[in-house]
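Dear colleague,

Please find below the structure that I am handing over to you. My notes on it follow directly after.

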Amino acid sequence: MSNFYECSLHGVFDNEKLDLILNTLKAITSGDDNLEKFNNYESIWKAILPTNDRNVTDLTLVCEIDETGEEIKEYTLKYIGEESIKNRQTAPILIRAYLPINVSSNMIVTLPLIGYKIGYEYVKKGYRFKDEHNIEINVFYLNKLRERGNYRNIDILNPSSNDISSPSQWIIELLTISNEQNVKIVQQHLENLSTRLSSIVKIEKVKVHELSSQSESSLPYTNINNNNNNSNNNNNNNNNNNIQSNYNNIQ
């Protein structure tokens with residue numbers, strides 16, 4: 001049985017650049033035919049009992065909301081593993097074991113029964129493209145829920161100071177799934193795409209959905225370019241801090 005991996009890079013940009021980036025992505029991915037809007041309610045579930053077993057990780061329940069914004073049309077439970085120490089130190093992209101399972105709405109009731117509790121939740125809204133190498137390019141902003149589980153009643157997490165109905169910043173995610181044999185090829189495709197976009201947005205390796213053990217309200221995006229090169233760390237900090245600010249108020 002083949003193992004599958006989620007491979008990704010991330011960046012952040014101000015709302016004023018949205019049209020430029022969307023038009024650039026349309027050019028790269030052959031126009032509007034490869035563009036779709038998405039609206040997802042996502043909740044991160046954490047194991048209730050503390051454990052040192054690295055195989056016990058957070059689970060992500062992704063609920064795809066329909067065009068009306070009222071009903072969920074698809075539920076997917078995702079296991080996304082921790083990055084290996086080797087990849088953490090050497091790989092220029094984020095590589096993590098990945099397993100999705102299509103489930104029903106009953107999973108919301110089932111997860112607490114098997115030892116999980118909801119950690120935090122949010123609604124992602126944005127645009128999705130795919131390029132010729134089947135790399136998914138997600139451009140989105142985050143919304144916080146006014147009450148737990150109510151994905152219809154939301155506020156933009158970081159609204160623009162000029163227009164509270166618009167986000168101040170957007171996140172861009174380059175994402176694809178690969179088997180073990182093709183990870184190096186996928187890595188090259190992701191790096192090439194990030195280079196093509198480098199003149200308008202900085203895209204780098206950051207860690208998604210890692211919560212500090214100190215608090216559930218800690219920031220879900222943390223940088224994992226940990227090395228002893230101070231200049232590299234300083235360059236990465238600005239972009240990473242901007243990504244972190246998008247999650248600062250998620251509970």
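A polar contact is taken here as a pair of N or O atoms within 3.5 Å; within protein, one must be able to donate a hydrogen and the other to accept it, and residues adjacent in sequence count only if both atoms are side-chain atoms. Such a contact is made by the side chain of R88, which reaches the backbone oxygen of E83 at 3.1 Å.

The model is predicted, so local features need pLDDT of at least 70 and side-chain atom pairs count only at pLDDT 80 or more, while totals for chains, interfaces and linings use all residues. Residues are numbered from 1 along each chain as its sequence is written, and side-chain values use heavy atoms, with hydrogens and water left out.

R88 lies in helix α2 (residues 85-90); helices (H or I, at least four residues) and strands (E, at least two) are DSSP runs, numbered from the N terminus. With a relative accessible area of 29%, R88 is partly exposed; buried means under 20%, exposed over 50%, and partly exposed in between (1.4 Å probe, protein chains only). Its C-alpha is 9.8 Å from that of K205, although the two residues are 117 apart in sequence.

The chain as a whole contains five helices and 12 strands. Of its 251 residues, 47% count as buried.

The largest nonpolar core (buried Ala, Val, Leu, Ile, Met, Phe, Trp, Tyr and Cys residues joined through side-chain atoms within 4.5 Å) has 30 residues, and I172, L174 and L197 have the most contacts inside it. At least two residues each come from β1 (4-14), α1 (18-28), β6, β7, β9 (169-179) and α4 (183-196). The greatest contribution, five residues, is that of α1. A second, separate core of 18 residues includes C63, I72, Y75 and I154.

Helix α1 deserves a closer look. Its buried residues are L18, I21, L22, L25 and I28. They line one face of the helix, because seen down its axis they fall within an arc of 125 degrees, the arc being that of the directions from the helix axis to the C-beta atoms. Their cover includes β1, β6, β7, β9 and α4. On the face turned away from the buried side are the exposed residues D19 and A27. Just after α1, S30 takes a positive phi of about 70 degrees.

A positive phi, near 65 degrees, is also found at N134, a residue other than glycine. N134 sits in the loop between β6 (116-130) and β7 (136-145) and is partly exposed, at 47% relative accessibility.

With kind regards

Methods:
Contact means heavy atoms within 4.5 Å.
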